[in-house]
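Subject: Structure for you to look at

Dear colleague,

I am passing on the structure we spoke about, and I would be glad if you could look through it before reading my notes underneath.

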Amino acid sequence: MIFALLAPVAGMTMPAAPAFLPVYQAILIGSNLLTGVLLLGHVHTSRSWSLGILTLGYLFTALIALAHMLTYPGLFSAHGVLGGSSQTTPWLFLLWHALFPIFVLAYTRSYRRPLPPHFMRFGTLLTGLFVVLLVLACTAGVRYLPDVVADHSFLGAYRWISLGVLALPLLALWKLGSKRPRAVLDVWLIVAMTAWVFEILLSCLFNSGSYDLGYYTGRLYGLAASLFVLGAVAIDNIALHARLRDTFEEMIETRSRAQWQSLLGSVLQQLPDGVLIVDSEGHCVMANDQAERMAARFAHTGKGSKPGPEAMLSLIGEPVRRAIAGLPFRDAMLESVAGDGRRMFTVSGAPLRDGAADLAAAVIVLDDITERTAASVALASALDQARYLIENTPLAVIEWDRNFVIRLWNRRAEELFGWTAQEAIGQRIDGLPVIHEDDAGKVAMTMGRLIDSATKYVKSCNRNRTRDGRTLRCEWYNSVLYDEQGDIDKVFSLVLDVSEREEAMDGLTEADRRKDIYIATLAHELRNPLAPIANAASLLRSKHLAPDRIEWIAAMIGRQTAQMSRLLDDLLDVSRISRGKIDLRRAPLELGRLLRDTLQTSMPLIEAGRHQVALKLCDEPLWVEADALRMTQVLANLINNAAKYTPPAGQIELTLKQEGGEALVRVRDNGIGIEPSMLARVFDAFVQVSSASHLAQGGLGIGLSLAKGLVELHGGRIDAHSAGPGHGSSFTVRLPTIRPPEGIGAVEAGSGGVPGLSKTILIADDNVDAADSLAWLLRSEGATVDVVHDGAAALRMYNERPADIAVLDLGMPEMDGLEVAAALSHRSPRPYMVAVTGRGRKEDRAASLAAGFDEHFTKPVAPQELIDLLRRL
């Protein structure tokens, strides 16, 4: 009836549930193995070919079902544990459902000869090898087989092959129906093969592919087929023990020893347990085959002892004597050691009475519990290991029931949260203040998911409180265990303290952010002074420059070189820059003059854009206490941005005025403007207007952020305004003003009376341009200069023409500057030695002085500073 209802809708798509397959396969493998084990007891008793073949069939089914699960793609690995492809498991499924009915067909045949002694051992080995060959054929050789599945959908070849496979269970069903005589097992096999047919129809022919209704229900039919036979065999075993009980009662009621011995012997021979009948004298009068096999494992003890059961009875003599005397016993232990290993047996005995009161004999039953004992030992060991792991794991282990009451609190939980197990166990988990108050809602939602739904596992990350008030960041791995009725039994929580890891990650993130800011700052700071120097180099290539223009270029290069020197000093201190702590060198500053000088440095960019600049300065000079370099950087950034983001031939207006005790500098343009949504973010680091990114000319988007930070360090503020895209923008800088400093306007002494340098100077530097340019500069001051480019040449030149002053680079080939200075410091007369190098650390200065240098300059050196020093000598 169920098949008739499901067949028309077998192709209905169902949700994909990959977890269904391992559960289904595990139950199927277990039921088939158990069925085979139960049948094996009957095989050993009856020596039946039919039962032996059927037992191998169930062993084959269990093994190939295991192979099917291990090759299923995506279940335990992408291509299955045993490898193969998407065609492997369909072919294994078809072969499985085709070959098991062949075992059933072999079972239905009649066999006259008894089963050979070693048939089951060799049959088991051959069955295992046969399954291995099938797995190899369907994995390594699947490319030789036609494709049957594509994207979880069945191809035509699959359905034609399934029709052929369907014929085999139908034939087996017909053979079972016509089998005579028919046993109870035959009836259950008929039911099982009927379910087998339904499984093939639903999961191979009527459905459309994997994870549809036929896929699930067909496999449930297959599982039912296995469970039917398992039930039949189990019932048969129960019935067998019931028959033994009836036989015992019949033995007691039978007065004739010959009669009950014959009847009991025929029954006892079928039992999987060993059974002995002992007379009132303690001698064995009957033993079944299983008892004989058990007795063969025991050595003969004592003089005159008989082989077989007598030797075994001598080991359990006292319990047997009690049974003969009328005192039953149960579960006495007996152990044997033979060539195939150690075996454990339980022995039970009961008196057999003749009539109402007279004792006639005793029955002794031996049960081989070796496997059960080993399983119990393994289980106890596993439990001990589990307890050890729970107590010694680095994870806090907490177990709580459906009422939130804590049942387990391991040692790590005590160390982590501070409450002992005695204090925590019995408390509600939400009663202990382990949850951070700000994460209470998040934790409540997690617990709700665990309790109110079918969720089996939930991972969460939240903050926790310890008993002493510390805050931890923990990951919770919560698993829900259900009882047989499907209700929540307990929740098992593993808690990992990730505070150090999260702090380390935050630290790494912050360090990476600071590193990026530092690199961006370095690039941005160096680009500003390099731009006018590069422009000056281009202008100097012109052959028609007026003298005043050359003087202006030289002055600008001097200013920019000094600026770059200060920038390098600031940027080399990585930690200070990364923390945003830039020291300001404040001094009274006339803002109008600074604005004019800054405009001059930005003129090449303005002239390139053909912009018109309107400079509107107030009549009175405005003085501020500021770092001239940093304020130049702020104003140059604003002017350069106006030039870059204004279309050619645009208008740029620079305004300086005083408003309420503040100096106001406004840079206004009629350029592309700023979107209203960007005004609030335009001063953030690394932010550029997306519509103007093509005009950024390589900028990093930190200029305005740096300008804002520098203005605020000066106690001022900066803001932006724009009416929108295409309407230009204006940036306003406000700084607090100060009184004009005293002595402004004093005229410095002219340089016309400064004497020239009448010294002999030796310059040694491996940078040819740096050495030659410095030589030209010193010669223009009246000095006699010799130039070399390595340390050894410097010594040779000094030997030829001793100099008054030696200007040496530290990093040179052949001999470095420290070695040359050490050699010259012992000459008489000794030259005045000046180190000019790119090494500016305290350690480098100390090494220079220790080598004999009198002065240490860090490149780039301000030329006038070096000339003034040499004049003072």
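Here is what was found in it.

This is a predicted model, in which local features need pLDDT of at least 70 and side-chain atom pairs count only at pLDDT 80 or more, while totals for chains, interfaces and linings use all residues. Residues are numbered from 1 along each chain as its sequence is written, and side-chain values use heavy atoms, with hydrogens and water left out.

The protein chain averages a pLDDT (the predictor's confidence in each residue, from 0 to 100) of 79, and 85% of the residues score at least 70. Residues 745–753 stay under 50 and have 0 contacts (heavy atoms within 4.5 Å) beyond four places in sequence, whereas residues 696–700, also under 50, have 11 such contacts. Where pLDDT is low, the predicted coordinates should not be read in detail.

An unreviewed UniProt entry, whose annotations may be inferred rather than shown by experiment, places transmembrane regions at several spans, including 50–70 and 188–208. In the model, residues 50–70 are 100% helix (DSSP runs of H or I, at least four residues), with end C-alpha atoms 30 Å apart.

The largest nonpolar core (buried Ala, Val, Leu, Ile, Met, Phe, Trp, Tyr and Cys residues, under 20% relative accessible area with a 1.4 Å probe and protein chains only, joined through side-chain atoms within 4.5 Å) has 75 residues. Its largest share, 13 residues, comes from α3, which spans residues 49–70. Among the residues with the most contacts inside this core is Y158, which touches P90, F93 and V148, among others. Apart from this core lies another, of 35 residues, including V634 and I674.

Best wishes

Conventions
Helices (H or I, at least four residues) and strands (E, at least two) are DSSP runs, numbered from the N terminus. Buried means under 20% relative accessible area, exposed over 50%, partly exposed in between (1.4 Å probe, protein chains only).
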